[in-house]
Amino acid sequence: MSFLENQIMQSRTIAITGHTRPDGDCVGACMGLYNYIVENKYDYVVVTHLFPAEVLTAIKKQHDIHFIAVATDYKSIPFWPETNPDYFIIPHKDLIEDFTKKGISHEKLIPFGIPVSTNFSKDLDKSKIFAELNLDKNKKYILVMTGSMGFGNVTGIIDVLQNEISETILVACGNNKKVYEDISNNYNSNKVIPIGFTPQIYKYMTISELLLTKPGGLTTTEAATINIPIIHTMPIPGCETYNAEFFGSHGMSISCKNTNDIKNAVISLLTDKNKMENIIKAQKQNIDKNACSKICEFIIDEIRKYSKWKKIYNQM
């Protein structure tokens with residue numbers, strides 16, 4: 001655990017990352033969460049999802065609580081303006097206008113970036129990683145990611161690529177055992193290697209020439225933090241579309257609408273190192289590897305200010 005993480009823990013900060021509503025109606029959700037915060041003496045709450053932000057906003061109307069919302073998509077999603085955190089941490093300064101147009105105060109917007117694990121910013125020894133992953137260091141690899149549930153036209157992507165490129169295709173299947181088994185049974189293991197759910201995806205990114213992934217906000221930021229050329233495969237309409245558009249407009253990825261586009265993009269990048277280097281350069285210019293540390297430092301400062309005024313108020 002880092003020094004900053006220790007400081008956060010000592011400051012009694014809780015991070016809520018998903019659907020937080022307990023069983024019951026909205027009133028029950030509010031009371032349940034508020035009691036949990038009070039009983040555990042948390043000073044600050046950090047949320048990365050709309051639902052807990054909505055609940056905390058309702059609580060804040062009646063109680064003195066403090067929370068920060070961390071946006072994990074490159075767009076102001078619907079209903080963020082309904083929430084009332086102390087601050088919004090947003091992915092990029094170029095999104096400030098998008099958030100203010102939706103009615104969110106400029107003063108609340110802090111463009112630190114999306115926080116990712118420090119694993120994605122480590123300077124790793126590739127030769128050791130090849131050995132750890134039991135991969136041939138003399139081969140080149142491209143990585144195809146399908147999300148934690150293994151969604152997407154994976155076999156379609158493999159089919160258009162396997163006879164067009166010399167690189168071995170690594171396919172991260174997430175929790176989808178059927179996709180894993182289909183790839184294991186129907187493709188040459190020297191050409192296509194399926195990977196089950198793994199906490200070491202950052203290692204696979206590190207040793208790959210390029211990444212094909214759906215444009216989820218977090219995965220895309222993790223990849224850009226590592227600095228691997230990204231090809232965004234067919235997005236789910238909504239946030240993923242906006243993520244792909246933002247990355248594409250800033251030169252950090254190539255976006256594809258179908259498997260033929262994907263084939264052309266892969267060949268184009270693998271045969272033109274300048275294109276790959278330009279994508280990496282754009283990632284370095286736009287993605288802050290230290291976003292997580294900056295957010296932690298900001299929260300600690302806020303807690304100190306809050307604690308100071310709370311102490312003065314209690315002495316009055």
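Which residues does Cys256 touch, not counting residues up to four places away in sequence? In this predicted model, the residues that Cys256 touches are Ile231, His232, Thr233, Met234, Pro235, Asp261, Ile262 and Ala265, with residues up to four places away in sequence left out of the list. Cys256 itself sits in the loop between strand 11 (253–255) and helix 11, and its relative accessibility is 1%, so Cys256 counts as buried. One of its partners, Thr233, is 23 residues away from Cys256 in sequence, yet the two C-alpha atoms are 5.3 Å apart in space.

**The chain as a whole**

The protein chain has 316 residues, of which 47% are buried, and its secondary structure comes to 13 helices and 11 strands. Of the contacts in the protein chain with a separation of 6 or more, 62% are between residues 24 or more positions apart. The chain exposes about 16400 Å², and carbon and sulfur atoms supply 51% of that area.

**Helix 11 and helix 12**

Beyond the loop that holds Cys256, helix 11 (residues 259–270) meets helix 12 (residues 273–286), their axes coming within 6 Å and crossing at roughly 100 degrees. Because of that crossing angle, helix 11 is roughly perpendicular to helix 12. Helix 11 contributes Ser268, Leu269 and Leu270 to the contact, while helix 12 contributes Lys273, Lys275, Met276 and Ile279. By residue class, the contact of helix 11 with helix 12 consists of four nonpolar residues, one polar residue and two charged residues.

**Helix 6 and its cover**

Helix 11 is also part of what covers the buried residues of helix 6, a cover that further includes strand 6 (141–145), strand 7 (168–172), helix 7 (177–186), strand 8 (192–195) and strand 9 (211–213). The buried residues of helix 6 (residues 154–161) are Val154, Gly156, Ile157, Ile158 and Leu161. An α-helix has 3.6 residues a turn, so residues three or four places apart point the same way. At the N-terminal end of helix 6, Asn153 acts as a cap, with a side-chain oxygen lying 3.1 Å from the backbone nitrogen of Gly156.

**Thr206 in helix 8**

A further side-chain to backbone approach is found at Thr206, whose side chain reaches the backbone oxygen of Tyr202 at 2.7 Å. Thr206 belongs to helix 8 (residues 201–207), and at 15% relative accessibility it falls under the 20% limit and therefore counts as buried. Not counting residues up to four places away in sequence, Thr206 touches Leu124, Lys126, Ile129 and Ile226.

**Two loop residues with positive phi**

Most residues other than glycine have a negative phi. Phe79, with phi near 80 degrees, has a positive value although it is a residue other than glycine, and Asn134 likewise has a positive phi, of about 60 degrees, without being a glycine. Phe79 is found in the loop between strand 3 (67–70) and strand 4 (87–89), whereas Asn134 lies in the loop between helix 5 (126–132) and strand 6.

The relative accessibilities of the individually described residues are gathered here.

| Residue | Relative accessibility | Class |
|---|---|---|
| Cys256 | 1% | buried |
| Thr206 | 15% | buried |
| Phe79 | 49% | partly exposed |
| Asn134 | 71% | exposed |

How values were computed:
Residues are numbered from 1 along each chain as its sequence is written. This is a predicted model: local features need pLDDT of at least 70, side-chain atom pairs count only at pLDDT 80 or more; totals for chains, interfaces and linings use all residues. Side-chain values use heavy atoms; hydrogens and water are left out. Axes are lines fitted to C-alpha atoms, for helices over the stretch in contact, and angles run from 0 to 180 degrees between N-to-C directions. Helices (H or I, at least four residues) and strands (E, at least two) are DSSP runs, numbered from the N terminus. Angles under 35 degrees count as roughly parallel, over 145 as roughly antiparallel, 65 to 115 as roughly perpendicular and the rest as oblique. Contact means heavy atoms within 4.5 Å. Ala, Val, Leu, Ile, Met, Phe, Trp, Tyr, Cys and Pro count as nonpolar, Asp, Glu, Lys and Arg as charged, and the others, Gly among them, as polar. Buried means under 20% relative accessible area, exposed over 50%, partly exposed in between (1.4 Å probe, protein chains only). A polar contact is a pair of N or O atoms within 3.5 Å; within protein, one must be able to donate a hydrogen and the other to accept it, and residues adjacent in sequence count only if both atoms are side-chain atoms. Accessible areas come from the Shrake-Rupley method with a 1.4 Å probe; for residues, only the protein chains shown count as cover.
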